[in-house]
Amino acid sequence: MRVVVLGAGFGGLELTSRLSEELGDDADVVLIDKADGFVMGFSKLDVMFGRTTAGAVRHSYADIVKPGVRFVQSVIRSIDPGRRHVETDDGGFEADALVVALGADLDPAATPGLMETGYDYYTPAGAFAVRDVLDSFRGGRVIVGVTSTPFKCPPAPSETALMLHDFLVERGLREASEISLVMPLGSPIPPSPAASEALLAAFAKRGITWCPDSIVQCLDVERRVAVFADGNELPFDLFLGVPVHRAPAVVAESGMCVDGWIPVDPLTLETTFPDVYAVGDVTSVGTPKAGVFSERQAGVVADRLVARHRGVAARATYDGTGVCYTEFGADRVARVEVTFRSGHPPVGKFDAPSQALRADKAEFGAHRARRWFGTEWVNY
């Protein structure tokens with residue numbers, strides 16, 4: 001059985017690792033991605049705020065040496081889900097089972113003014129570039145602003161605001177600065193009231209202005225103000241933006257999307273095309289767009305493909321659970337676990353911020369580096 005996996009993020013890396021672990025040399029897996037390396041999502045902020053360097057958080061796909069798995073670095077030009085055929089710059093690939101794990105692309109140009117007078121910090125390249133911007137920042141009005149829904153990792157803008165506070169304090173610039181957090185959500189982490197309450201208390205303690213139920217529609221370049229969808233405005237000296245998210249063009253052109261994203265069976269991650277699965281941010285499965293959800297979905301797909309290979313009934317189903325570590329500043333990290341089930345309100349558990357949970361977060365990253373790349377890694 002030839003399995004072709006598109007995208008080497010959390011979903012693609014977990015899926016191929018599981019198939020290799022279960023099937024060894026009997027696996028016939030091709031993993032395709034246009035990049036030559038992977039950066040864990042939370043590492044972007046660590047680089048941006050000077051905790052570590054870009055080189056230290058980058059994991060090379062050349063380190064993927066797993067039985068039955070071949071990595072191909074190439075641009076995907078077309079996807080034919082009916083034929084399970086993928087065309088790339090390195091030729092075509094036929095699959096018995098095709099898994100789309102290409103994530104969401106970011107489009108800063110979709111927000112007028114963002115590219116001219118603001119900064120996208122949600123991509124690795126954008127966050128790494130903002131490090132230099134922050135190094136030369138001398139204080140002023142800062143907005144951390146979301147420009148669309150849905151967006152990846154809903155806690156990340158809150159983390160950004162809190163880490164920015166610490167950064168400015170360390171540089172003696174906090175009293176000369178204002179921080180505003182603009183989000184389209186009514187609370188920082190809606191599925192977890194306890195986490196949201198803790199974040200709101202942290203904002204209040206640090207003098208961070210919280211602007212809920214608001215979305216940044218454009219930036220007025222000449223006046224340097226952020227214009228919200230409801231017409232309200234907020235001036236800024238530095239704008240750190242979460243750009244518009246959309247499915248990659250090659251996915252949109254494949255005919256798999258409905259209302260912008262790939263619909264899947266919420267239990268099996270199957271698309272409407274036979275033997276074609278989709279996991280992670282590229283789907284509309286109903287969980288937040290975050291790597292931990294993609295990883296768990298990939299585990300379900302792997303179990304179902306292993307069952308198929310062995311000729312037994314596939315029983316694995318997706319439970320909608322994900323765990324997120326959230327930076328609270330002052331060297332403390334919280335842990336949020338939320339389960340989303342179709343037709344039911346989300347159920348969450350919140351572990352209050354502590355220094356002890358920072359070690360758990362570090363092990364979260366180190367464990368995946370070992371498993372996916374065979375390397376030892378310390379984030380910072």
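Reader: Which order do the strands take in the open sheet that includes β1?
Author: A word on the model: it is predicted, so local features need pLDDT of at least 70 and side-chain atom pairs count only at pLDDT 80 or more, while totals for chains, interfaces and linings use all residues. Residues are numbered from 1 along each chain as its sequence is written, and side-chain values use heavy atoms, with hydrogens and water left out. Strands (E, at least two residues) and helices (H or I, at least four) are DSSP runs numbered from the N terminus, and two strands pair if DSSP finds at least two bridges between them. On that basis the 5 strands pair in parallel, in the order β5-β2-β1-β9-β20.

Reader: Which strands of that sheet stand at the edges?
Author: An edge strand here has a single partner strand, so one of its sides is left without a neighbour in the sheet. The two strands in that position cover residues 69-73 and 276-278; they are β5 and β20.

Reader: By how many degrees does this sheet twist, on average, from one strand to the next?
Author: Directions come from lines fitted to C-alpha atoms (for helices over the stretch in contact), with angles from 0 to 180 degrees between N-to-C directions. From one strand to the next, the average twist is 20 degrees.

Reader: Which residue of β2 stands opposite R2?
Author: Strand β1 (residues 2-6) and strand β2 (residues 28-33) run parallel and are joined by 5 bridges. Opposite R2 in β2 stands D28.

Reader: What angle does helix α9 make with β9, where it packs on the sheet?
Author: Helix α1 (residues 10-23) lies across β1, β2, β5 and β9, at about 165 degrees to β2. Helix α9 touches β1, β9 and β20 (contact means heavy atoms within 4.5 Å), and its angle with the direction of β9 is about 175 degrees.

Reader: Is the crossing of α1 and α9 left-handed or right-handed?
Author: The axes of these helices come within 8 Å and cross at roughly 30 degrees. Handedness is left if the near helix is turned anticlockwise from the far one by less than a right angle, and right if clockwise. The residues of the contact divide into 10 nonpolar, 5 polar and 6 charged, where Ala, Val, Leu, Ile, Met, Phe, Trp, Tyr, Cys and Pro count as nonpolar, Asp, Glu, Lys and Arg as charged, and the others, Gly among them, as polar. The crossing of α1 and α9 is right-handed.

Reader: Which helix gives the most residues to the largest nonpolar core?
Author: A nonpolar core is a set of buried Ala, Val, Leu, Ile, Met, Phe, Trp, Tyr and Cys residues joined through side-chain atoms within 4.5 Å; buried means under 20% relative accessible area, exposed over 50%, and partly exposed in between (1.4 Å probe, protein chains only). The largest core has 109 residues, and L6, M48, V99, Y121 and L269 have the most contacts inside it. With 8 residues, the top contributor is helix α9 (residues 291-310).

Reader: How far apart in space are the C-alpha atoms of A27 and G68?
Author: A27 sits in the loop between α1 and β2, and it counts as buried because its relative accessibility is 8%. Leaving aside residues up to four places away in sequence, A27 touches L19, P67 and G68. A27 and G68 are 41 residues apart in sequence, yet their C-alpha separation is 4.4 Å.

Reader: Which strands are at the edges of the other open sheet, the one with β18?
Author: Its 5 strands pair in parallel, in the order β11-β18-β12-β13-β14. Two of them pair on one side only, namely β11 and β14.

Reader: How many residues of strand β18 are buried?
Author: In a regular strand the side chains alternate between the two faces of the sheet. In β18, L238, L240 and V242 lie on one side and F239 and G241 on the other, and both faces are covered. Strand β18 (residues 238-242) is largely enclosed by the rest of the structure, because the number of its residues that are buried is 5 of the 5.

Reader: Which residue of β18 does G145 stand opposite?
Author: Strand β12 (residues 141-146) runs parallel to β18 and is joined to it by 5 bridges. On the β11 side, D120 stands opposite G241. The residue opposite G145 is G241.
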